[in-house]
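Q: I'd like to learn how to read a model like this one, feature by feature. Can we go through it together?

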Amino acid sequence: MDKKTITLIGAGLAGPLMATYLAQQGFTVEIFERRNDMRKVKLSSGRSINLALSIRGIHALKEVGLYEKIAPITIPMKGRMIHDMDGKTNLQPYGQRDAEVIYSVSRAQLNKELMTFAERTGNVRIHFNHELSSVDLDMNTLSFMQKNNDKIIQKDFTCVMGCDGSASVLRDEIVNKTKAMYKEKPLGHGYKELQILPSKDGRFQLDNHALHIWPRGQFMLIALPNMDKTFTCTLFLPMTGEVSFDSIDTVEKVIELFQFHFSDVLDFMPTLSTDFLSNPTGDLASIYCDPWHYKDKAALIGDAAHAVVPFFGQGMNASFQDCTVMNNLIGDFRGYWGDIFSNYSELHVKNGHAIADMAIENYIEMRDHVNDPNYQKRRKLELELEKRFPDKFIPRYSMVSFHQIPYNDIYIRGEKQFALIDKLLEIDSTGESIDEMLVKNYFHEELA
Ligand SMILES: Cc1cc2nc3c(=O)[nH]c(=O)nc-3n(C[C@H](O)[C@H](O)[C@H](O)COP(=O)(O)OP(=O)(O)OC[C@H]3O[C@@H](n4cnc5c(N)ncnc54)[C@H](O)[C@@H]3O)c2cc1C
């Protein structure tokens, strides 16, 4: 196999995007995907049906030329709509400028468009029903189980990229081979997808320009709008304990949970108990791995490199950004795959780890803090600081969702900004006044 042919594992979200970038640089790409072709066969999905797309994902889609096709199937969400226990709602905007919104998009539709777009380059071939079962990095061979006839076949490769998601087989082999740092951090909480249906006259039952959150301390419900006027709800609960996926196991308990905690949407969810009892419960974990490559032969992209919990809405966005970073390095080090891959790990692993950490922190913020007066005071201060010092202070959420600052820099900067807010609140605990001198000195010393 020549150096111009790259093998990718996985045609989920990152695989076809990476393939398109490669094809546009003149490579031939062979993708092996374990599933059937979802454009031809309806696949059952227990995974999230819609996703929040933001700047990093949009940038990558624009770069390859697909965004024009995706934009019309997205719904802008301008903030978090918080639902209290008594059914009262309040909108907490994500940003302060009109463009500072995130977009709900159908996972399946996006995936189909990505695959078709990749194939249309003429340089990408997707082999469905091929599940990678083992990898030999010394002999440059991949073994696949062909799912339609249960046969194992072997393929040679010169360069392989694992876009095979959070349970990546290629990652296991890289970790074995390099004794790479590898850590899986289970969240202890899982998720289940449910549905809010349209009204009888075919309208959205909730404001469709918001991401809805029912924060309930140890757990929460969220809902994102779909183009067909439904909302996909995701219930996040502990796996075990008093209120958990273990304990809520009958129709009565499901209804009781919703009557008590989410009463304002119960009427909009006529399929609730069937969905709850029949839809799978997903596990959530963060994966940390370093490095993300093996010599000049193999590298990891997307969840395979850094599965993160979904509370910053960044898993796909980060995965798309991996493709952008890899594409730039391929351009910089043309043909020198050892340099491309080692620079990729060196530059970017820390960003994967940072977004994994921030996503865990955001779960606690979403399920527990958003309704807390102290959180609201801090958030108000953040927005005020951004207004007064726009080139110096950017709230962490905005840095992640509306800017392309590397995640690791955001983490470091965010910690310093949090410390500044602590200082301001020490001086005025109401958060109403801002000591501008202190802020300017702080910028000079800490955030220059
Ligand atoms: C509940 C939930 C909500 C989420 N919400 C958001 C959000 O709002 N915004 C956001 O940015 N991200 C979100 N994410 C994260 C996002 O789904 C992932 O980060 C994204 O799908 C990663 O893309 P990927 O291509 O790396 O992996 P995947 O999309 O998982 O694709 C992996 C592909 O590899 C294939 N595959 C796996 N193993 C093999 C094998 N052995 N051989 C061949 N093929 C294989 C799979 O079939 C699949 O097609 C969410 C995740 C969850 C669980």
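Q: Let's start with strands. How many bridges join strand 5 to strand 6, and do they run parallel or antiparallel?

A: Keep in mind that this is a predicted model. As a general idea, side chains in a regular strand alternate between the two faces of the sheet. In this case 5 bridges join strand 5 to strand 6 (residues 89–93), and the two run antiparallel. One place to look is G79, which stands opposite P93 in strand 6.

Q: What do strand 5 and strand 6 form, and how many residues are between them?

A: They form a hairpin, with 5 residues between the two strands. Check the backbone in the turn too: G87 has a positive phi of about 90° there.

Q: On to charges. How many salt bridges does the count come to?

A: The general idea is that side chains of opposite charge can pair when their charged atoms come close. Here the count comes to 20 salt bridges.

Q: Which residue does R80 meet in a salt bridge?

A: R80 meets E365, with 3.2 Å from N to O. R80 lies in strand 5 (residues 79–83) and E365 in helix 11, so this pair ties together parts that are 285 residues apart in sequence. R80 is also buried, at a relative accessible area of 5%.

Q: What about R378, and which residue does its side chain meet in a salt bridge?

A: That one is D422, at 2.8 Å from N to O. Helix 12 (residues 373–388) holds R378 and helix 14 (residues 407–427) holds D422, so the pair ties together parts 44 residues apart in sequence. D422 counts as partly exposed, at 36% relative accessibility.

Q: For the salt bridge between D37 and K40, what is the N to O distance?

A: It is 3.9 Å, and the cut-off is 4 Å. The two ends contrast nicely: D37 counts as buried at 5% relative accessibility, whereas K40 is exposed with a relative accessible area of 70%.

Q: Which residues are linked with D37 and K40 in a network of salt bridges?

A: R39 and E119 are; together with D37 and K40 they make up the network.

Q: Now the empty space. How many cavities of 30 Å³ or more does the structure hold, and what volume does the largest have?

A: When you read a cavity, ask for its volume, then its lining, then the chemistry of that lining. The structure holds 1 cavity of 30 Å³ or more, and the largest cavity has a volume of about 40 Å³. Its lining is made up of W292, H306, A318, Q321, D322, H348, N351, G352, I355 and Y407. Sorted by type, those residues give 4 nonpolar, 5 polar and 1 charged.

Q: Which helices each supply at least two residues of that lining?

A: Helix 10 (315–332) and helix 11 (337–369) do. Helix 11 has the largest share, with 4 residues.

Q: How much space lies in the second largest pocket, and which residues lie nearest its centre?

A: About 480 Å³ lies in the second largest pocket. There are 20 lining residues, and E365, H369, Y375, R378 and F418 lie nearest the centre. Two or more lining residues come from each of strand 6, helix 11, helix 12, helix 13 (396–402) and helix 14. Helix 12 gives the most, with 5 residues. You'll recognise E365 from its salt bridge with R80, and R378 from its salt bridge with D422.

Q: How does the lining of the second largest pocket divide by type, and which domains does it draw on?

A: By type, the lining has 8 nonpolar, 4 polar and 8 charged residues. It draws at least three residues from each of domain 1 (5–45 + 54–61 + 107–184 + 284–362) and domain 2 (372–446).

Q: Last topic, burial. How many of the residues of helix 1 are buried?

A: A general idea for helices: an α-helix has 3.6 residues a turn, so residues three or four places apart point the same way. Helix 1 (residues 14–24) is mostly covered, with 10 of its 11 residues buried. Among them are L17, M18, Y21 and L22. Just after helix 1, G26 takes a positive phi of about 95°.

Q: And I174: where is its place, and is the residue buried or exposed?

A: I174 is in helix 5 (residues 169–178), and it is buried at a relative accessible area of 0%. The C-alpha atoms of I174 and P291 are separated by 8.6 Å, with the two residues 117 apart along the chain.

Methods. Residues are numbered from 1 along each chain as its sequence is written. This is a predicted model: local features need pLDDT of at least 70, side-chain atom pairs count only at pLDDT 80 or more; totals for chains, interfaces and linings use all residues. Side-chain values use heavy atoms; hydrogens and water are left out. On a 1 Å grid over the protein atoms alone, a cavity is a set of points where a 1.4 Å probe fits but cannot get out, and a pocket is an open set with protein on both sides within 12 Å along at least five of seven lines; lining residues have an atom within 4 Å of a point. Grid points are joined across faces, edges and corners, and a volume is the space filled by probe spheres set on the points. Ala, Val, Leu, Ile, Met, Phe, Trp, Tyr, Cys and Pro count as nonpolar, Asp, Glu, Lys and Arg as charged, and the others, Gly among them, as polar. Buried means under 20% relative accessible area, exposed over 50%, partly exposed in between (1.4 Å probe, protein chains only). Two strands pair if DSSP finds at least two bridges between them. Domain bounds come from an automatic or database domain assignment.
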